[in-house]
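Subject: Handing over a structure, with notes

Dear colleague,

I am passing on the structure below, and after it you will find a description of what turned up when I went through it. Please read the notes with the structure open beside them.

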Amino acid sequence: SKHTMEKSVLRIEKMVVLYSALRSERRTQLMMNNKYKILFVEDDSNIRTVITTLLETEGYQVIWAGTCKFAQGLFTSHQPDVVILDLGLPDMDGMRFLEFVRRDSLTPIIVLSARSNDRDKVRALDAGANDYVTKPFSTEELLARIRMILRNYQHRADSGKLPGGKFQVQDMVIDYDARQVFIAGKEIKLSQTEYNIVALLSEHCGKMMTYSAIIKGVWGYPDEGSTKKLQVNMANIRKKFGVKPGEARYITNELGVGYRMNGDNADIQDS
Ligand code: CA
């Protein structure tokens, strides 16, 4: 029985060694996971080199695909934290990849497009893109968008939400239960519709929402006057918030596309 005991002590020792090895491996994994993984889908090799270098310098891990088909494989096997997606790809329209991702994933997608056409932006946003950057773009702008998306996505569950059904960005507080909005502690009197718009944008804080997405969320149905109605309401909201024309505090306006409520420290200006 002494022999059996020795054997079991040995076994336990072996388990402890194995366990601590596993733990340190897990720790390394966790540390590596702190490095956000970006899937960059782009066929232009110059842009690819510049942006990949930039992102790696910023501490991101970059995996790259030059076609839609390759991107689909990488997305499934690597499960990136963010996707940066060029729409003009050689094998398929980048929109197809966007739709592929959105079938069962909420992974944030920033569309990178040479198309300055508003309709393409709206199409991409309505298909589930979180944001877009139009080529040519500044690297600072791209990095700012990535930071904002990661911040909003990582903390979406409690993004800006305070205990007791409240929400805060910058010095604006929304009390969802009381349907009240405060700026710097002072209540801003909004109409029901204005409040609904602000509350909806806050629920999607950081995401560019298209006119039609906001209209659907606030009125439930679109009609020919909807966009105008939304713009009038938004102008009133901005006035009541004390925001000057062209200023992007609280809410960014992208003409012809939609609106976005800015997260904290948002460094993106109205275009
Ligand atoms: Ca391209």
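Among the contacts in the chain with a separation of 6 or more, 57% are accounted for by residues 24 or more positions apart. Please keep in mind throughout that this is a predicted model. The chain has 271 residues, of which 43% count as buried, and its secondary structure comes to nine helices and 13 strands. Its accessible surface comes to about 14,900 Å², and carbon and sulfur atoms hold 54% of that area.

A good place to begin is an open sheet of three strands, which has the order S11-S13-S12 and antiparallel pairing. Strand S11 (209–210) and strand S12 (251–254) stand at the edges with a single partner strand each, so one side of each is left without a neighbour in the sheet. Strand S13, made up of residues 258–261, runs antiparallel to S12 and is joined to S12 by four bridges; within S13, Tyr259 is the residue that stands opposite Asn253. As background, strands of a sheet pair through backbone hydrogen bonds, and they may do so in parallel or antiparallel fashion. Helix H7, which covers residues 192–203, lies across S11, S12 and S13, and runs at about 70° to S13.

Next comes a pair of helices. Helix H8 (residues 211–218) packs with helix H9 (residues 226–240) at an angle of about 85°, and their axes are 10 Å apart. Because angles of 65 to 115 degrees count as roughly perpendicular, H8 and H9 are described as roughly perpendicular to each other. On the H8 side, Tyr211, Ile214 and Ile215 take part, and they meet Ser226, Thr227, Leu230 and Gln231 in H9. The residues of this contact of H8 with H9 divide into four nonpolar and three polar, with no charged residue.

Finally, a single residue: is Phe182, which is found in strand S9 (residues 180–183), buried or exposed? Phe182 has a relative accessible area of 22% and is partly exposed, since buried means under 20% and exposed over 50%. Leaving aside neighbours within four places in sequence, Phe182 is in contact with Asp171, Met172, Val173, Asp175, Glu187 and Ile188. One of these, Asp171, lies eleven residues from Phe182 along the chain, and the C-alpha atoms of the two are separated by 8.1 Å.

With best regards

Definitions and conventions: Residues are numbered from 1 along each chain as its sequence is written. This is a predicted model: local features need pLDDT of at least 70, side-chain atom pairs count only at pLDDT 80 or more; totals for chains, interfaces and linings use all residues. Side-chain values use heavy atoms; hydrogens and water are left out. Two strands pair if DSSP finds at least two bridges between them. Helices (H or I, at least four residues) and strands (E, at least two) are DSSP runs, numbered from the N terminus. Contact means heavy atoms within 4.5 Å. Axes are lines fitted to C-alpha atoms, for helices over the stretch in contact, and angles run from 0 to 180 degrees between N-to-C directions. Buried means under 20% relative accessible area, exposed over 50%, partly exposed in between (1.4 Å probe, protein chains only). Accessible areas come from the Shrake-Rupley method with a 1.4 Å probe; for residues, only the protein chains shown count as cover. Angles under 35 degrees count as roughly parallel, over 145 as roughly antiparallel, 65 to 115 as roughly perpendicular and the rest as oblique. Ala, Val, Leu, Ile, Met, Phe, Trp, Tyr, Cys and Pro count as nonpolar, Asp, Glu, Lys and Arg as charged, and the others, Gly among them, as polar.
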